[in-house]
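Biologist: I'd like to get a feel for how this one holds together, contact by contact. Let's start with some packing and take it from there.

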Amino acid sequence: MDIPFVSFLPMEKELNNNIRTAFNRVFERSWYIEGVEDKAFEAAFAEYCGTQFCIGVGNGLDALMLALKALCIGEGDEVIIPSNTYIATALAVIHVGAKPVLVEPDIRTFNINPELIEEVITSHTKAIMPVHLYGQACDMDPIMELAGKYGLKVVEDCAQAHGATYKGQKVGTFGDASGFSFYPGKNLGALGDAGAIVTNDKELADKIRALGNYGSDYKYHHIYKGNNSRLDELQAAFLSAKLPYLEQMNDERRRIARMYIDKITNPKIIIPYVSSDCIPVWHIFGIRCKERDALEKYLNGKGIGTNKHYPIPMHLQECFKDLRITEGMLPIAEEISKTELSIPMYYGMTDNEIQYVIENLNEF
């Protein structure tokens, strides 16, 4: 049996007519930037998240970068981020001229450990950027308490967590602003790059929108040194076609995850820990195994697709040599990078496929 790590085919088959209708609607209107599709999706996604405002942008990295920029974070400032995350989190900080300060995760959840944040706060710290990694919410109460205590901004990185909740509240609604990615592989994915920022602050929303539109609040009037990062009409239409089905697709991911958690019994494999405060959306189902590379080879040999998130920890990437964080200084992130293996998780997996993955994991 061949089971890819991810497949869009089941979802695309179900939504084929919706997607084609969305394309035709945009094509026939001949309006491709900042039109009715963008406005409609922004309103719908803000309502879905439970926020007042949504600003569509070009991608998830831009969402984080523009949020930081709008909060006046820049040269000489520090932003606290997890040591275990995709590189975009750190790049957003660097692109506004600030310094990322890396904090180790809780090895059970892979998310930033709130207990380690306070010790790295300095007079230069301006924000905390928690990442709801793999679709599991961070422990937000202590993070928000620290932010309040020290007067820090909070920008949530929700790139992998569309619809995840913490204590019944959707992620993206705790901080000053939150960035989402709609990269095609995300739980809510466009048919190309796209992103969005949500917030409850109108002044901030207006500033973000202007910053993403060349710094312009109206045509040919520029109040900021902005960027070109806007959600185009076509991707907005595609996202609008998919959004009504997001909860259904997230529920299916939860069902698959429950089968994995209940039936993977191999003592060599550590399955994800889920706090009772959180309802994940399982963008990625990442297991850990001391014999990770051998397990990956074994599963691939059985026709089961896998991935590693992320095989080189961020602080050891060539581009971050200037951070002067050497091997051994962030041991938990390094341990995760050496042992994490992501197994198939996507809408449309059959029970036979799920069971085949489980059986082979247990037989390893």
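Biologist: Which elements do the buried residues of helix 10 pack against?

Modeller: Some ground rules: helices (H or I, at least four residues) and strands (E, at least two) are DSSP runs numbered from the N terminus, and contact means heavy atoms within 4.5 Å. Buried is under 20% relative accessible area, exposed is over 50% and partly exposed is in between, using a 1.4 Å probe and protein chains only. In helix 10 (residues 331-339) the buried residues are A333, E334, I336, S337 and T339. Their packing partners are strand 14, helix 9 (292-301) and strand 15 (340-343).

Biologist: What kind of model is this, and at what pLDDT do side-chain atom pairs count?

Modeller: Residues are numbered from 1 along each chain as its sequence is written, and side-chain values use heavy atoms, leaving out hydrogens and water. The model is predicted: local features need pLDDT of at least 70, totals for chains, interfaces and linings use all residues, and side-chain atom pairs count only at pLDDT 80 or more.

Biologist: Back to helix 10. How many residues apart in sequence are the parts that E335 and K290 tie together?

Modeller: Side chains of opposite charge can pair when their charged atoms come close. A salt bridge here is a side-chain nitrogen of Lys or Arg within 4 Å of a carboxyl oxygen of Asp or Glu, and E335 and K290 meet that way at 2.7 Å, N to O. E335 is partly exposed at 22%, while K290 is exposed at 69%. E335 sits in helix 10 and K290 in the loop between strand 14 and helix 9, so the parts they tie together are separated in sequence by 45 residues.

Biologist: And which residue is the salt-bridge partner of R209?

Modeller: R209 is in helix 6 (residues 202-211) and its partner is in helix 2, so the bridge ties together parts that are 167 residues apart in sequence. R209 counts as partly exposed at 35% relative accessibility, whereas the partner counts as buried at 7%. The closest N and O atoms are 2.9 Å apart, and that partner is E42.

Biologist: How many salt bridges does the whole structure hold?

Modeller: Besides those pairs, R25, R29 and E37 are linked in a network. K321 and E318 also pair up, with their closest N and O atoms 3.7 Å apart. The full tally is 18.

Biologist: On to the rings. At what angle are the planes of F110 and Y134?

Modeller: Rings of Phe, Tyr and Trp (its six-membered ring) pair if their centres lie within 6.5 Å; planes under 30 degrees apart are stacked, over 60 edge-to-face, and the rest tilted. A search of the whole structure turns up 12 aromatic pairs. For F110 and Y134 the centres are 5.4 Å apart and the pair is edge-to-face, because the planes are at 90°.

Biologist: Is Y260 buried or exposed?

Modeller: Y260 pairs with F285, centres 4.9 Å apart and planes at 55°, so this pair is tilted. Y260 lies in helix 8 (residues 246-263) and F285 in strand 14 (residues 285-289), so parts 25 residues apart in sequence get tied together. F285 has a relative accessible area of 0%. Y260 also has 0%, so it counts as buried.

Biologist: Which ring does the charged end of K170 sit over?

Modeller: The test is NZ of Lys or CZ of Arg within 6 Å of the ring centre and within 35 degrees of the ring normal. Ring pairs link F41, F45, Y48, F180 and F182 into a cluster. The charged end of K170 is 4.5 Å from the centre of one of those rings, the ring of Y48.

Biologist: Any backbone oddities? What is the omega of the peptide bond from H309 to Y310?

Modeller: Most residues other than glycine have a negative phi, and most peptide bonds are trans. C72, in the loop between helix 3 (60-70) and strand 2 (78-82), has a positive phi of about 65° although it is not a glycine. Y310 is in the loop between helix 9 and helix 10. The bond from H309 to Y310 is cis, with omega near 5°.
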